[in-house]
Amino acid sequence: MITLSPRVIVVGAGPTGLALAAELAGAGIDVHVLEKRSHKAALSRAFTMEPRTMELLDMRGRVDALLEHGRPCQHPPVGDENGYLDYGLLDTRFAFSLIIPQHRTESVLQEAAAEAGAVIRFGVEVVGLRQDELGVDLDLLGPGGVETARADYVIGCDGVNSTIRSLVRVEFDGWNYEDSVIMGDCRLRNPPVPNAYARITRRGMAAVFPFQDDTYRVIVFDHERMKLPADTPLPLEEVRESCAAILGMDVEPYDPVWLSRFRSSQRHAKKYRVGRVLLAGDAAHTHIPSGGQGLQTGIQDAFNLAWKLRAEIEGWAPEGLLDSYEAERYPIAAETLRKTDISFRFETSTSFVARTIRWVVQKLVRFDWFQRANLEHLSGLTLRYPGRGWVGRRVPDRPVTGGTRLYEHFRDGKFVLIGHSDAPLVPWADRVTSVVLAEPLGRGCPPVVLVRPDGYVAWAGHEVPALNQWCGEPREHVWREA
Ligand SMILES: Cc1cc2nc3c(=O)[nH]c(=O)nc-3n(C[C@H](O)[C@H](O)[C@H](O)COP(=O)(O)OP(=O)(O)OC[C@H]3O[C@@H](n4cnc5c(N)ncnc54)[C@H](O)[C@@H]3O)c2cc1C
């Protein structure tokens with residue numbers, strides 16, 4: 001018997017699933033999230049939120065709650081006492097990396113999703129899946145036993161070991177790294193100054209980053225211990241010794257919240273869509289945490305997918321829109337996998353060449369061009385989709401005539417048409433908001449720009465374009481067709 005039948009079922013209440021549910025529910029789509037854990041996550045894996053992720057959440061009015069729980073770090077270290085990046089060089093309202101435990105991010109996103117109307121059920125595991133042309137059936141194992149659910153679409157946001165990915169038989173190619181990494185959260189009796197600090201030496205790399213509550217994320221790549229099997233017990237004393245040997249100071253860790261010695265992997269799903277089932281976040285791609293991109297990529301997947309799915313469900317999606325999710329996001333993830341792999345190998349190699357490059361990097365870090373090149377990737381601000389000129393680029397936040405900010409006009413998830421008039425664009429007013437900017441978007445940008453609900457330019461030119469190419473047929477037409 002089918003016990004629930006929403007339009008969309010999101011499997012997994014990690015950051016990707018919760019961000020997606022908040023987006024869909026915010027757009028008025030009936031969405032349920034199913035999570036096999038019976039409780040909220042209490043451990044922090046990801047500990048940073050980068051500027052582009054904050055910008056996306058800002059567009060929906062959801063960033064303030066995160067800022068409240070996080071600690072801005074404008075100058076993260078790059079492995080030497082004199083080497084710090086300067087996020088202040090970036091053109092964004094969020095010119096810092098936010099140090100925030102993943103469980104806090106998840107709480108904020110969960111609240112946002114629930115407030116928007118998503119139903120979130122904990123203690124329910126998806127164990128079976130069948131699909132036909134009209135929908136997807138799921139077998140669920142919950143507190144009351146076995147249930148069956150049906151939805152128009154199912155999104156597997158169920159992490160690295162995704163059940164949904166296995167059930168639709170999508171390969172997850174890649175490899176496991178041989179070296180193990182030490183990570184954990186604890187307090188420090190003798191924290192370094194400044195308190196976000198890192199060093200790379202011949203022995204390895206160690207870094208500490210302070211959370212808002214004065215616990216610290218500690219990360220150690222210790223060449224003398226990286227070959228140990230990942231299940232070797234990890235006493236706090238070992239973390240202390242490795243940190244002291246690499247940082248050159250005893251930070252005296254105590255009160256660990258969690259400590260882990262783990263081997264990471266790098267894997268990428270062969271495809272992100274099988275019929276009415278799609279994959280997002282770690283279920284679609286996973287990589288070494290170097291550079292802190294996993295959570296960012298998952299939330300960006302959610303923003304890219306949500307408005308396309310909404311368009312499909314509401315019946316106005318132009319041909320191929322939903323498939324553009326994979327076409328746009330796959331190369332972004334592939335590039336992230338490539339860059340994080342290089343960065344990890346570079347940070348952990350003991351070769352003469354790697355040591356020389358690290359030395360050169362420490363010298364280059366004082367130049368703005370070098371800083372920008374690195375920050376633009378880490379921050380996610382230069383991430384773009386295919387297109388010429390401005391098309392495919394992120395729109396920066398700019399003042400709008402009347403005293404608002406451009407990003408505030410994305411609150412309800414519509415397209416935004418930047419141009420010469422802010423009069424409602426009948427008959428697309430249910431999908432398009434019109435604004436007039438108080439200052440130019442950027443150098444060389446044409447005066448009329450159509451921006452997608454996820455903040456990327458769909459079209460740029462001198463006249464208002466034929467909107468149906470991006471925003472579908474106007475409402476009356478959709479109704480007549482239906
Ligand atoms: C040690 C470590 C440190 C990291 N540091 C960073 C960092 O600094 N910055 C960063 O950006 N990223 C970091 N990451 C990566 C980041 O944690 C992940 O990319 C992120 O959690 C992915 O989110 P997700 O929602 O896609 O998947 P997950 O967070 O894994 O969530 C998946 C959810 O699905 C649920 N689930 C699984 N199967 C089922 C099922 N059959 N039915 C119902 N529910 C199911 C799971 O219980 C889980 O809650 C780190 C990862 C690790 C391991």
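At what angle do helix 1 and helix 7 pack, and how far apart are their axes? In this predicted model, the angle is about 30° and the axes lie 8 Å apart. Angles under 35 degrees count as roughly parallel, so helix 1 and helix 7 are roughly parallel to each other. Helix 1 passes helix 7 in a right-handed crossing.

Who does the touching here? On the helix 1 side it's Pro 15, Thr 16, Ala 19, Leu 20, Glu 23 and Leu 24, and they meet a run of helix 7 residues including Leu 295, Ile 299, Phe 303, Leu 309 and Arg 310. Sorted by class, this contact has 11 nonpolar, two polar and three charged residues.

Helix 1 also packs against helix 4 (residues 102-116), at about 20° and with the axes 8 Å apart. That pair is therefore roughly parallel as well, but here helix 1 makes a left-handed crossing. From helix 1 the contact takes Pro 15, Leu 18, Ala 19, Ala 21, Ala 22, Ala 25 and Gly 26, while helix 4 brings residues such as Thr 105, Glu 106, Leu 109, Ala 112 and Ala 116. Its class split is 10 nonpolar, four polar and one charged.

Here are the two packings side by side:

| Helix pair | Angle | Axis distance |
|---|---|---|
| Helix 1 and helix 4 | about 20° | 8 Å |
| Helix 1 and helix 7 | about 30° | 8 Å |

Now for the ligand. There are 32 residues around it, and the ones that come nearest are Gly 12, Gly 14, Gly 159, Gly 281 and Gly 294. Helix 1 (15-26), strand 3 (31-35), strand 10 (125-131) and helix 7 (294-314) each give two or more residues to this shell. Helix 7 has the largest share, with four residues. As for chemistry, the shell holds 11 nonpolar, 14 polar and seven charged residues.

Elsewhere in the fold, five strands make an open antiparallel sheet in the order 16-17-18-15-19. Strand 16 (197-201) and strand 19 (253-262) sit at the edges, each pairing on one side only. From one strand to the next, the twist averages 10°.

Within that sheet, strand 17 (residues 204-210) and strand 18 (residues 216-222) pair over seven bridges, and Ala 207 stands opposite Ile 219 in strand 18. Helix 6 (residues 236-247) packs on the sheet, touching strand 15 (181-188), strand 16, strand 17, strand 18 and strand 19. The direction of helix 6 makes about 75° with that of strand 18.

Conventions:
Residues are numbered from 1 along each chain as its sequence is written. This is a predicted model: local features need pLDDT of at least 70, side-chain atom pairs count only at pLDDT 80 or more; totals for chains, interfaces and linings use all residues. A residue is near a molecule or strand if its C-beta atom, placed from the backbone, lies within 6 Å of it. Ala, Val, Leu, Ile, Met, Phe, Trp, Tyr, Cys and Pro count as nonpolar, Asp, Glu, Lys and Arg as charged, and the others, Gly among them, as polar. Axes are lines fitted to C-alpha atoms, for helices over the stretch in contact, and angles run from 0 to 180 degrees between N-to-C directions. Angles under 35 degrees count as roughly parallel, over 145 as roughly antiparallel, 65 to 115 as roughly perpendicular and the rest as oblique. A crossing is left-handed if the near helix is turned anticlockwise from the far one by less than a right angle, and right-handed if clockwise. Two residues are in contact if their C-beta atoms, placed from the backbone, lie within 7 Å. Two strands pair if DSSP finds at least two bridges between them.
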